[in-house]
Amino acid sequence: MRIYQSEDYQGMSRRAASIIAAQIINKPDCVLGLATGSTPIGAYQQLIEMYKAGDLSFAEVKSVNLDEYKGLSPKNDQSYRYFMQHNLFDHVNINVANTNVPQGEAADADAECARYDRLIDDLGGVDLQLLGMGLNGHIGFNEPCASFATGTHVVDLTESTIAANSRFFSSMNDVPRQALTMGNKNIMDAKQILIMVSGEAKADIVCKAFSGPVCPEVPASILQLHKNVILVGDRAALCKLLETGAALCK
Ligand code: F6R
């Protein structure tokens, strides 16, 4: 794992955006695995700036998002499809037909998960997978559990994730209790992974995930087994991991 530390959220976002831009420049028709949540918003803004400046084109890029709340329509402003349109897709020249988010409203969620796995395969797999990390170590919506789940599946969200995500809804009761998420196999099959972490609140779980044992109780720990992971974080999120002696890239 290569670890890059930036001073703050802005620096972390610039670094992440540069890595994503490099991927697009190297392979204009690449498949990006995208994430939602508060962490990648700054990187998406940087990418929009690069596009507006004429330095980056998304014309041939394809994307697959990690996850979607079960039951939410794409028009719901809390859905992850809405998030992606609002925070990236509507502001760059990506072909919306080339963007994919699991369909939260699908009548048969298990069939939708199987379709999503086939779609990823048909696209030739993910070139660069972006990830954030939940306070409990989840990646996508792969919550701490007894065994690592594999392909795209329906998951019950934990109380800690429902509480953390309630900040985006008018009340806790409005937060969906289930989601469709890529599984650990989908994530681990990506050719390269870029995980972004920011803020003091993540320091303990970042340390546990990347210096502790690989176990499904800390889902992000599986990334220790991937050959090509880049961790970008700000000083606050990385401080405890660095105390364990983890080496930083310059
Ligand atoms: C979002 C996702 C989640 C988030 C995680 C961190 O698509 O898959 O795993 O990355 O919950 O969320 P933030 O960035 O809001 O702390």
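This passage describes the two largest pockets and one sheet of a predicted model. Local features were taken at pLDDT of at least 70 and side-chain atom pairs at pLDDT 80 or more, whereas totals for chains, interfaces and linings use all residues. Residues are numbered from 1 along each chain as its sequence is written, and side-chain values use heavy atoms, without hydrogens and water.

The largest pocket (an open set of points on a 1 Å grid over the protein atoms alone, where a 1.4 Å probe fits, with protein on both sides within 12 Å along at least five of seven lines) holds about 730 Å³ of space, a volume being the space filled by probe spheres set on the points. Of its 39 lining residues, those closest to the centre are Gly 37, Ser 38, Asn 165, Arg 167 and Phe 168; lining residues have an atom within 4 Å of a point. Helix 3 (80-87) gives the largest share of this lining, five residues. Helices (H or I, at least four residues) and strands (E, at least two) are DSSP runs numbered from the N terminus.

The second largest pocket has a volume of about 150 Å³. Helix 4 (109-122) and helix 6 (184-189) each supply at least two residues of its lining, which includes Asp 117, Lys 185 and Asp 189.

Strand 4 (67-69) also belongs to an open sheet of three strands, ordered 4-8-7 with antiparallel pairing; pairing requires at least two DSSP bridges between two strands. Strand 4 and strand 7 (153-156) are the edge strands. Three bridges join strand 4 to strand 8 (residues 178-181), and Tyr 69 stands opposite Ala 179.
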